[in-house]
Amino acid sequence: MSRLVKKSPSLCTDLPLDNTDICNKLNLLRKLLTSCFGPTGRLKQVHNNIGGHVVTTSSSSVLLPAISSSQPFVNLIKTSILNHVSRFSDCGLFAAVLCLALIEQAKQSGIRGNVAIRLNKHLLGLCVSYLQEDDCGCKVKLDFCSSQNLVTLARSIISSKPACVLTQQETLHISKLAVQAFLLTVPCGSPGTVTLGKTVTVSVEGHSVLNSTVFPGLLLDITDVLCLNKAENLNANPLCTVLFSASLAGDLSELGDGIIEVHLGADTDSLILDQLLELGKQVVKDEVKLFVCQKVIHPVLQQYLRSQGIIVIERLGITLMEPLIQLTGAQPVATLHATLPAKAYGKVRDLTIRQFGSKTMLHLHAPGESAICTMVLCHRNETMLSELKVVCQKTEHVLRLTLREPSALLGGGCTETHLAAYVRHKSLNEVTETASVLGCTQTEYLRGMEGFCRSLESVATALEHNGESSLIDLIYAHHWTLPADAMTGCVEDSLGFCGCGLMESSPSKKWTYLNTKYSEFSPASLCRDTTVQPCVLDSFTAKLNALQVAVETANLALDVRYIIQDVN
């Protein structure tokens with residue numbers, strides 16, 4: 001059939017960064033994401049124009065997927081940031097704000113695109129090399145003999161999400177629970193390859209956050225408490241468990257693909273039910289006490305099993321299958337047409353009933369050491385609870401990253417200002433030779449370096465949303481916040497502690513405002529006093545990758561010559 005409407009030619013945009021519409025959209029995206037950044041960031045409420053679910057958040061992992069754009073250039077940056085977040089769970093807003101700042105600074109500097117790309121790559125290399133040094137002035141080694149730094153890292157992540165609406169006491173409580181859950185998923189004394197366990201999250205709406213808790217083992221929803229009272233021999237130790245991944249509803253469609261031959265006059269429903277009951281008789285004979293199915297169980301089979309004193313749980317769902325397999329050691333049975341082998345059975349040590357609000361849950365205890373635990377999260381309403389659940393899952397992932405690299409970076413903007421001071425000092429002492437190697441003039445090199453450092457500093461200043469001013473001290477290059485109502489001439493009395501909390505203001509220190517010119521200096525490393533610990537930490541692995549993603553995505557954007565878009 002011929003087309004009713006003539007096909008339109010593709011839309012080609014030359015030099016997208018010279019396009020006013022694209023630049024305006026990038027600027028709007030930068031302002032939007034910057035306003036979400038940090039503990040005092042502003043929340044965003046996203047909904048479409050025809051109704052539907054309303055999203056209230058400041059998390060990049062929730063906000064970016066909820067934002068749609070018809071501009072491919074914007075989607076390129078968004079996709080790159082989301083890819084980082086999907087792999088590392090943290091520092092998404094840091095990567096996005098830095099990336100957009102780098103693009104803006106490169107455009108304002110007037111440097112040729114290819115020169116800006118080479119400069120960014122070189123300066124990124126300086127940052128990465130410095131961060132990986134043992135004596136890096138903004139890196140903290142994590143000691144797993146103490147949970148203090150782990151709790152600080154968890155609290156820094158959780159407190160940066162204002163949509164959770166937590167008090168300081170609630171933030172500390174959830175941070176400790178996150179660390180406890182993380183440690184419970186790390187096996188102890190397991191020889192050979194270590195497989196980390198899993199934290200299952202249960203949400204309870206309408207209760208205080210302080211009622212949240214962590215249990216070793218697995219909590220499963222149950223609907224019929226009376227069946228537990230009828231269950232027999234639950235004190236046996238351990239309890240035999242069987243787990244089915246196949247549906248036991250008795251439907252022909254669940255029997256699989258292929259041709260089914262039915263004899264004339266045969267009652268298929270009765271035949272399948274007989275098969276199910278034979279299965280039930282076998283598990284009774286094998287003294288099974290806990291019968292779990294991922295899908296639906298036929299009501300007659302349920303009745304029979306419960307009459308034999310067996311606890312029956314159906315509709316478990318695929319997400320709970322893996323943790324239940326790890327906890328019990330059972331092998332999921334995918335068919336009802338074969339005799340159950342002995343190796344298919346698993347074990348649980350004992351069962352406990354736990355009540356959380358309107359939820360009644362069955363607590364399964366592992367027969368031995370297990371790396372499975374359940375975190376019960378409570379909050380006052382659905383929106384806060386949803387954000388808290390996402391944040392806790394991201395926090396668990398970040399804590400796991402510390403097993404690969406047991407380090408953290410100073411938070412509160414101190415890493416960004418420290419890196420900017422380091423890059424300035426390093427670059428200004430190597431201008432002639434580096435400019436020659438990179439094939440640019442010394443002026444271009446200095447402009448590019450200044451734009452890179454200002455981009456880093458702009459991330460630190462993005463933490464302020466209430467009219468405060470951002471300062472940097474001229475010894476250690478940490479980030480400081482001057483309140484909006486501070487008295488002129490009494491700076492040291494108004495600053496308190498730096499962003500990460502390691503340094504306290506004193507008359508001997510000198511400061512200058514960020515984004516103003518100051519004499520370059522080599523930022524000193526702090527002599528670490530073990531009694532003084534940072535109050536804000538960032539994930540080393542996540543932030544290092546976010547730094548690389550931000551620079552590489554900015555370079556990719558600077559390198560785009562044409563955008564060809566199909567408008568049909």
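1. Let's start with Glu416: in this predicted model, Glu416 is buried, with a relative accessible area of just 3%. Its salt-bridge partner is Lys543, with the closest N and O atoms 2.7 Å apart. Lys543 counts as buried too, at 5% relative accessibility. Follow the chain and you'll see that Glu416 sits in helix H13 and Lys543 in helix H17 (residues 540-559), 127 residues apart.

2. Now look at what else H13 touches. The axes of H13 (residues 414-428) and H15 (residues 442-461) come within 8 Å and cross at roughly 170°, which makes H13 roughly antiparallel to H15. The residues in this contact split into 11 nonpolar, 2 polar and 5 charged. Among those meeting across it are Glu416, Leu419 and Arg424 from H13, and Met449, Glu450 and Arg454 from H15. Salt bridges with shared partners also join Arg424, Glu450, Arg454 and Glu457 into one network.

3. Another pair worth finding is Glu170 with Arg380, a salt bridge at 3.2 Å, N to O. Glu170 is in helix H7 (residues 168-184) and Arg380 is in the loop between strand E14 and helix H12, so the pair ties together parts 210 residues apart in sequence. Buried or exposed, where does Glu170 fall? Glu170 is buried, at 7% relative accessible area, while Arg380 is partly exposed at 42%.

4. Finally, the sheet. Four strands form an open sheet in the order E10-E9-E8-E11, with mixed pairing. E10 and E11 stand at the edges with a single partner strand each, so one side of each has no neighbour in the sheet. E9 and E10 run parallel, joined by 3 bridges, and Val292 stands opposite Ile313 in E10.

Key
Residues numbered from 1 in each chain as written. Predicted model: local features only at pLDDT ≥ 70, side-chain atom pairs only at ≥ 80, totals over all residues. Heavy atoms only, no water. Axes fitted to C-alpha atoms, helices over the stretch in contact; angles between N-to-C directions. Helix = DSSP H or I, 4+ residues; strand = E, 2+ residues; numbered from the N terminus. Parallel < 35°, antiparallel > 145°, perpendicular 65-115°, else oblique. Contact = heavy atoms within 4.5 Å. Nonpolar A, V, L, I, M, F, W, Y, C, P; charged D, E, K, R; others polar. Pairing = 2+ DSSP bridges. Salt bridge = Lys/Arg side-chain N within 4 Å of Asp/Glu carboxyl O. Buried < 20%, exposed > 50% of the residue type's maximum accessible area, 1.4 Å probe, protein only.
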